[in-house]
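Please open the model in your viewer and keep the selection panel at hand. We will start with one sheet and then zoom out to the whole chain.

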Amino acid sequence: MDRLRISGGKRLQGAVTIAGAKNAALPQIAAALLSPHPLELTNLPAVSDVENMLGVIALHGAKITRGPHGTTIDASEIVSKETSYDTVRRMRATVLVLAPLLARFGHARVSLPGGCAIGARPVDMHIKALATLGADIAIESGLIVASAPNGLKGARIVLSSPSVGATETAMMAACAAKGEAEILNAAREPEVADLAACLCAMGARIEGAGTHRILIDGDTGWRPARHHSIPDRIEAGTYAVAAAITGGQLELIHARLENLASVVQALEAMGVSVWPSDRGLVVSRDGPLRGADITTEPYPGFPTDLQAQFMALACCAEGASLIRETVFENRFMHVPELTRLGANITLQGTTALVRGGAPLKGAQVMATDLRASVSLVLAALVSKGETIVNRVYHLDRGYEQLDRKLRLCGADIERLTS
């Protein structure tokens with residue numbers, strides 16, 4: 001099992017190319033199952049979650065062709081409408097194949113998914129959305145069994161909370177339903193809008209993606225399509241923290257300021273400068289870091305996927321920071337590992353009080369999930385001595401060549417392969 005060895009104290013400087021968004025790519029790969037025509041996806045990140053999702057749809061019979069500029073998915077001959085537990089246990093996003101299989105074939109069997117242990121993240125909203133469109137759904141022996149022998153029908157879907165996954169499930173199913181559908185309290189994340197853009201390229205008619213109300217005219221006439229995925233705002237935010245925590249300066253190529261407003265606001269409150277460049281964004285810090293209070297919220301609020309990274313940054317700031325997690329109830333598993341490096345963090349429920357300023361020191365730490373893993377890497381960049389980050393397969397799920405990108409910017413980081 002791979003580990004990372006990091007010697008802290010190096011100021012990062014240079015440029016980092018931000019890869020395509022993992023959380024945009026996964027539903028787009030699943031959406032390819034909706035159409036009998038090929039879909040070419042460009043800017044897919046080279047991360048294990050994307051490879052796993054491509055493997056999932058390949059097991060259903062989709063043909064995957066990798067070209068010099070993109071990956072083409074041909075789902076014209078699907079041979080299976082069931083996704084087993086062995087296939088989906090690595091990540092929760094595989095539940096996204098449920099709606100395309102059901103919408104296209106009238107039935108599907110998908111195992112309840114696995115993934116990071118950061119909270120319950122139930123699939124009940126996915127199920128309710130499909131049921132609203134006319135599907136019969138049951139849970140049998142750990143499988144979601146869905147059927148709509150007469151096809152799905154357009155309806156008004158009201159989500160109990162703006163879940164990204166449930167919005168994507170509802171949107172994909174509604175594209176193949178008969179008549180018009182309306183999704184209320186929809187998630188507004190850029191990845192949802194990017195899925196809508198992909199579906200529209202495939203022939204769908206969607207209005208309002210990126211707002212709380214999405215309108216879909218069903219009975220889509222599918223066609224061959226090509227779509228370029230958006231840059232990963234979470235990767236961009238992570239490297240922004242890397243520049244800030246080391247007192248360095250990084251240009252984030254392809255990063256989009258419009259998708260990072262809440263993140264930039266938090267960085268500036270902590271004494272970090274951010275400005276646009278011809279190629280993306282530049283993040284720099286010369287002066288001291290200041291503590292700041294952060295509350296995670298659905299987009300356009302501060303993203304939960306950057307909470308752990310900002311906690312590492314707060315550990316190095318002057319004064320105290322209060323970090324509230326309102327999205328996932330169990331997303332503080334990085335706290336015990338940060339304290340092994342010398343961080344002063346007090347937990348009370350879903351709130352963490354971080355008293356910054358104490359120097360961090362290298363130690364052996366253990367990654368517990370994707371974003372927790374990278375917070376340990378960020379803290380190690382400024383820890384005195386050597387830090388070993390174990391179980392970095394979590395990092396490989398969502399970060400494309402993280403150790404190589406950091407090393408090219410001046411970090412003393414090495415991957416150790418057992």
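Two strands count as paired if DSSP finds at least two bridges between them, and strands (E, at least two residues) and helices (H or I, at least four) are DSSP runs numbered from the N terminus. This is a predicted model, where local features need pLDDT of at least 70, side-chain atom pairs count only at pLDDT 80 or more, and totals for chains, interfaces and linings use all residues. Residues are numbered from 1 along each chain as its sequence is written, and side-chain values use heavy atoms, leaving out hydrogens and water.

**First stop: the sheet.** Select residues 39-42, strand β3, together with β14 (225-228). These strands run parallel and share four bridges; look for L39, which sits opposite A225 of β14.

Now add the other strands: the open, mixed sheet has four, ordered β4-β5-β3-β14. β4 (63-66) and β14 are the edges; each has a single partner strand, so one side of each lacks a neighbour in the sheet. Neighbouring strands are turned by 20° against each other on average, direction ignored (axes are lines fitted to C-alpha atoms, for helices over the stretch in contact; angles run from 0 to 180 degrees between N-to-C directions).

**Next: a helix.** Select 190-201, helix α7, which packs on the sheet and touches β3 and β14 (contact means heavy atoms within 4.5 Å). Its direction makes about 160° with that of β14.

**Finally: zoom out.** The protein chain has 14 helices and 24 strands. Its C-alpha trace spans about 65 × 45 × 45 Å along the principal axes.
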